[in-house]
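Student: Could you take me through one part of this protein closely? I'd like to look at the salt bridges, and then at what lies around them along the chain.

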Amino acid sequence: MRAVKQVSGQPLDGKYIQFTQPTSRFYKKAAAFVLRAVGKHSPQLAQAVVDCGALDALVACLEEFDPGVKEAAAWALGNIARHNGELSQAVVDAGAVPLLVLCIQEPELALKRIAASALSDVSKHSPELAQTVVDAGAIAHLAQMILNPDTKLKRQVFSALGQISKHSVDLAEMVVEAEVFPAALACLKDPDEYVRKNVTTLIREVAKHTPELSQLIVNAGGVATVIDSVGESQGNVRLPGIMMLGYVAAHSENLAMAVIVSKGVPQLAICLVEESEDHIKAATAWALGQIGRHSPEHARAVAAANVLPRLLRLYTDTESSEDLQLKTKKALKSILQKCTYLPALEPLLHEAPSDILKHVVGQFSKVLPHDSKARRLFVTSGGLKKVQEIKAEPGSLLQENINSINSCYPEEIVRYYSPGYSEILLERVEAYQPT
């Protein structure tokens, strides 16, 4: 490979690059190190490395006998490919992918790590680039390294498999067919948090595509294992697990019930309290909405975990980000529209703004006409009194629901709990003349 010298004070482009022709592997490693250091910072600098003709030389280094030279070249290629699809395509067009796949089969751990990382960087940008990696036979060799004891290698292996899986059903099915599961689930107990995060990301990317792939994860025990992992993690490490539970639950009632049965809702409720980052709370709210939106039974499981008041507080908090407010509003709406568990709904009558209150009142208007015990409790708990205090626009859906609730009670009871009725009674007392 040609070692690169940058003329002092001049930009790195074809006009100002000078080359020498050393044969020593040390020069090749040093030159690849320089190219790696330049290319990692930005797409513009990486493009400058490509424009000076470095890719062919780096790919040639992947065929060198010395593993150190291969490692340095693979690292530089990965740093170029990571920036965007165009640069990644340039790396592919230079013929790097088949040689990177050969590199992950070498015995040297450091070379395996860097080559797997480079394949991950190539795969992440588009289905076509990921397909190129798959066509080179990468999946089978990556799958064989899942249970390798080296922590850093496992990080890169799971990252690469996740980047391949995320693009399409077909690619995810190819990863599954390599018998990645259930072996990968064992790595959710790994002491390294980045291994756990990348495993969970892989599971998320597979599960999100179809109910069948989600069911496969459920059958392998993946939901319960991910829930345990979420409970043992903090911050961004638990984010892929939270999202995975939401994706699984979104597919069908049965899959959402699998999340509930595995005690996913209480764990998500804990995340809603513990996490300080808005984007993690937003993902948690979204996942809870996906679980609770299917049926009254699903909604009750979510409501019973005391999630609704927490979601409401996040929605009304002026400090919450716009995305968090949007996600909590959608989650509240989807859960409330199915929820018939009135003890969980009643606190919201006193706290919810009008755009949420209409859904709460709507659920009472559906349940109370058919449940005499609930009607009695609604009076004694102060719910009926609160409903009379709501100021609704005439003819609005909220007013219609209030009228529907009022029709469940005798007229004198409704009047008794209406605002100002006590003053009317007092006036009658004052005006009363005993005989």
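Tutor: Happy to! A salt bridge here is a side-chain nitrogen of Lys or Arg within 4 Å of a carboxyl oxygen of Asp or Glu. Please keep in mind that this is a predicted model.

With that cut-off, let's begin at Asp192 and Arg155, whose side chains meet in a salt bridge with an N to O distance of 2.8 Å. The two partners come from distant parts of the chain, 37 residues apart: Arg155 belongs to helix H10, while Asp192 sits in the loop between H11 and H12. Asp192 counts as buried because its relative accessibility is 14%, and buried means under 20%. Arg155, at 25% relative accessibility, counts as partly exposed.

Searching the whole structure gives 16 salt bridges. Another of them pairs Arg113 with Asp150, where the closest N and O atoms are 2.9 Å apart. This pair also links distant parts of the chain, with Arg113 in helix H7 (residues 109–123) and Asp150 in the loop between helix H9 (138–144) and helix H10 (151–165). Asp150 is buried, with a relative accessible area of 15%, whereas Arg113 is partly exposed at 23%.

A further salt bridge joins Asp121 and Lys124, with the closest N and O atoms 4.0 Å apart. Asp121 is buried, with a relative accessible area of 10%; Lys124 is partly exposed, at 25% relative accessibility. Shared partners connect Arg82, Asp121 and Lys124 into one network of salt bridges.

Now back to the loop that holds Asp192, between H11 and H12. Pro182 is found in that loop too, the one between H11 and helix H12 (193–207). The peptide bond joining Phe181 and Pro182 is cis, with omega about 5 degrees. That is worth a second look, because most peptide bonds are trans.

Helix H11 itself (residues 169–177) takes us to the surface: with three residues, helix H11 gives the most to a negative patch. The patch gathers Asp170, Glu173, Glu177 and Glu212. Glu173, found in helix H11, counts as partly exposed because its relative accessibility is 32%. Residues in a patch need over 30% relative accessible area and no salt bridge, so Glu173 with its 32% is on the accepted side of that area cut-off.

What about a residue in helix H13 (residues 211–219), such as Ser214? Ser214 is buried, at 0% relative accessibility. The side chain of Ser214 reaches the backbone oxygen of Ala207 at 2.7 Å. A polar contact between two side chains appears further along, where Gln388 and Asn406 are joined at 2.6 Å. Gln388 lies in helix H25 (residues 383–389) and is buried, with a relative accessible area of 13%.

Let's finish with two loop residues and their backbone angles. Most residues other than glycine have a negative phi. Lys263 has a positive phi of about 65 degrees although it is not a glycine, and its place is in the loop between helix H16 (253–261) and helix H17 (264–274). Asn306, also not a glycine, has a positive phi of about 60 degrees; this residue is found in the loop between helix H19 (296–303) and helix H20 (307–316). Lys263 counts as exposed because its relative accessibility is 59%, while Asn306 is partly exposed at 39%.

Technical notes
Residues are numbered from 1 along each chain as its sequence is written. This is a predicted model: local features need pLDDT of at least 70, side-chain atom pairs count only at pLDDT 80 or more; totals for chains, interfaces and linings use all residues. Side-chain values use heavy atoms; hydrogens and water are left out. Patches are made of residues with over 30% relative accessible area and no salt bridge: like charges are joined within 9 Å, nonpolar side chains (Val, Leu, Ile, Met, Phe, Trp, Tyr) within 5 Å. Accessible areas come from the Shrake-Rupley method with a 1.4 Å probe; for residues, only the protein chains shown count as cover. Lys and Arg count as positive and Asp and Glu as negative; His and the chain ends are not counted. The place of a charge is taken as NZ of Lys, CZ of Arg, CG of Asp or CD of Glu. Helices (H or I, at least four residues) and strands (E, at least two) are DSSP runs, numbered from the N terminus. Buried means under 20% relative accessible area, exposed over 50%, partly exposed in between (1.4 Å probe, protein chains only). A polar contact is a pair of N or O atoms within 3.5 Å; within protein, one must be able to donate a hydrogen and the other to accept it, and residues adjacent in sequence count only if both atoms are side-chain atoms.
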